[in-house]
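Dear colleague,

I am passing on the model we spoke about, with the sequence and coordinates placed just below this paragraph. My notes on it follow, grouped by region, so that you can read them with the structure open.

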Amino acid sequence: IQTEYAPITNVNNTEYIIQNNSNNTSPEKQPYNITEILPFLWLAGVAVMTVYTLSAYIRTARFLKDSEHSTENIYICRNINTPFVFGISKPRIYLPEGISHEDTVHILAHERVHILRHDSLAKLLGTVVITVHWFNPAVWIAFKLMTEDMEISCDEQAIKEYTIPERKA
């Protein structure tokens, strides 16, 4: 679109108006600019991530309701394959059924380190960051690496006081 300035003849030739030199006589509907759409796409992604995260939390909490209380904050669950900590204000350790006593001791040492370090809170904050920056692959990679580092660090802390044979076990 080319524009030129044409003087208004009845006002001392000092003011100008913009005239459109295009050949179109009817106004056309302009396509959406991508910068107008992006905020809505981002917000839709945040909404999807929020709904997914909350529903996963609720499903897990319901699933764990049938767990049997063992001691302290330790629960035995028949339908899980791996131990984990669940909860932030009152974290609980959930163990799969049928673990040997020796394995239970090592697993509890590891899971208690997670609780002492407030790893559940760190993961929650990481999830909030992922929810806001869902479009950024670097954030997803950083969260995965953070989780892996957390696990390795807890293993190292848990076996720190063990003897060499206990560490091998």
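Where is the place of glutamate 72? In this model, which is a predicted one, glutamate 72 sits in the loop between strand S3 (68–69) and strand S4 (74–77). Its backbone deserves a look, since phi of glutamate 72 is near 45°, a positive value in a residue other than glycine. Glutamate 72 has a relative accessible area of 61%, and because the cut-off for exposed is over 50%, this residue counts as exposed.

Histidine 118 can be read alongside it, as this residue has a positive phi of about 60° although it is not a glycine. Histidine 118 is found in the loop between H2 and helix H3 (119–132), and with a relative accessible area of 54% it is exposed.

As for the overall architecture, the secondary structure of the protein comes to five helices and six strands, and read along the sequence these follow the pattern β-β-α-β-β-β-β-α-α-α-α. Of the 169 residues in the protein, 21% are buried. Among the contacts in the protein with a separation of 6 or more, 41% are accounted for by residues 24 or more positions apart.

The helix packing takes up most of the remaining notes, and I begin with helix H2 (residues 101–116) and helix H4 (residues 137–158), which pack at an angle of about 120° with their axes 8 Å apart. Because angles from 65 to 115 degrees count as roughly perpendicular and those over 145 as roughly antiparallel, the angle here falls outside both ranges, and H2 is therefore oblique to H4. The crossing in which H2 passes H4 is right-handed. On the H2 side the contact is made by Ala109, His110, Val113 and His114, while H4 contributes Met150, Glu151, Cys154, Asp155, Gln157 and Ala158. Sorted by class, the contact of H2 with H4 has five nonpolar, three polar and two charged residues.

Two isoleucines belong with these helices. Isoleucine 152 lies in helix H4, and it is partly exposed, with a relative accessible area of 48%. Its C-alpha atom is separated by 9.7 Å from that of histidine 110, although the two residues are 42 residues apart along the chain. Isoleucine 107, by contrast, has its place in helix H2, and because buried means under 20% relative accessible area, its value of 18% makes isoleucine 107 buried. Not counting residues up to four places away in sequence, isoleucine 107 touches Pro83, Leu95 and Ile99. For leucine 95, which is twelve residues from isoleucine 107 along the chain, the C-alpha atoms of the two residues are separated by 8.5 Å.

Turning to H3 and H4, the axes of these helices come within 10 Å and cross at roughly 170°. Since angles over 145 degrees count as roughly antiparallel, H3 is therefore roughly antiparallel to H4. From H3, the residues Asp119, Ala122, Lys123, Gly126, Thr127, Val129 and Ile130 meet Val139, Trp140, Phe143, Met146, Thr147, Met150, Glu151 and Cys154 in H4. The residues of this contact of H3 with H4 divide into nine nonpolar, three polar and three charged. Met150, Glu151 and Cys154 of H4 therefore deserve a second look in the viewer, as they are listed in the contact with H2 and also in the contact with H3.

How do the axes of helix H1 (residues 34–64) and H3 cross, and within what distance do they come? The axes come within 8 Å and cross at roughly 145°. Here Trp42, Val46, Met49, Thr50 and Thr53 in H1 meet Thr127, Ile130, Thr131 and Val132 in H3. By class, the contact of H1 with H3 has five nonpolar, four polar and no charged residues.

Lastly, a word on the cysteines, which you may wish to check at the bench. The structure holds zero disulfides. Cysteine 77 is buried, with a relative accessible area of 3%, and cysteine 154 likewise counts as buried, at 0% relative accessibility.

With best regards

Technical notes:
Residues are numbered from 1 along each chain as its sequence is written. This is a predicted model: local features need pLDDT of at least 70, side-chain atom pairs count only at pLDDT 80 or more; totals for chains, interfaces and linings use all residues. Side-chain values use heavy atoms; hydrogens and water are left out. A disulfide is a pair of cysteine sulfur atoms within 2.5 Å. Buried means under 20% relative accessible area, exposed over 50%, partly exposed in between (1.4 Å probe, protein chains only). Axes are lines fitted to C-alpha atoms, for helices over the stretch in contact, and angles run from 0 to 180 degrees between N-to-C directions. Helices (H or I, at least four residues) and strands (E, at least two) are DSSP runs, numbered from the N terminus. Angles under 35 degrees count as roughly parallel, over 145 as roughly antiparallel, 65 to 115 as roughly perpendicular and the rest as oblique. A crossing is left-handed if the near helix is turned anticlockwise from the far one by less than a right angle, and right-handed if clockwise. Contact means heavy atoms within 4.5 Å. Ala, Val, Leu, Ile, Met, Phe, Trp, Tyr, Cys and Pro count as nonpolar, Asp, Glu, Lys and Arg as charged, and the others, Gly among them, as polar.
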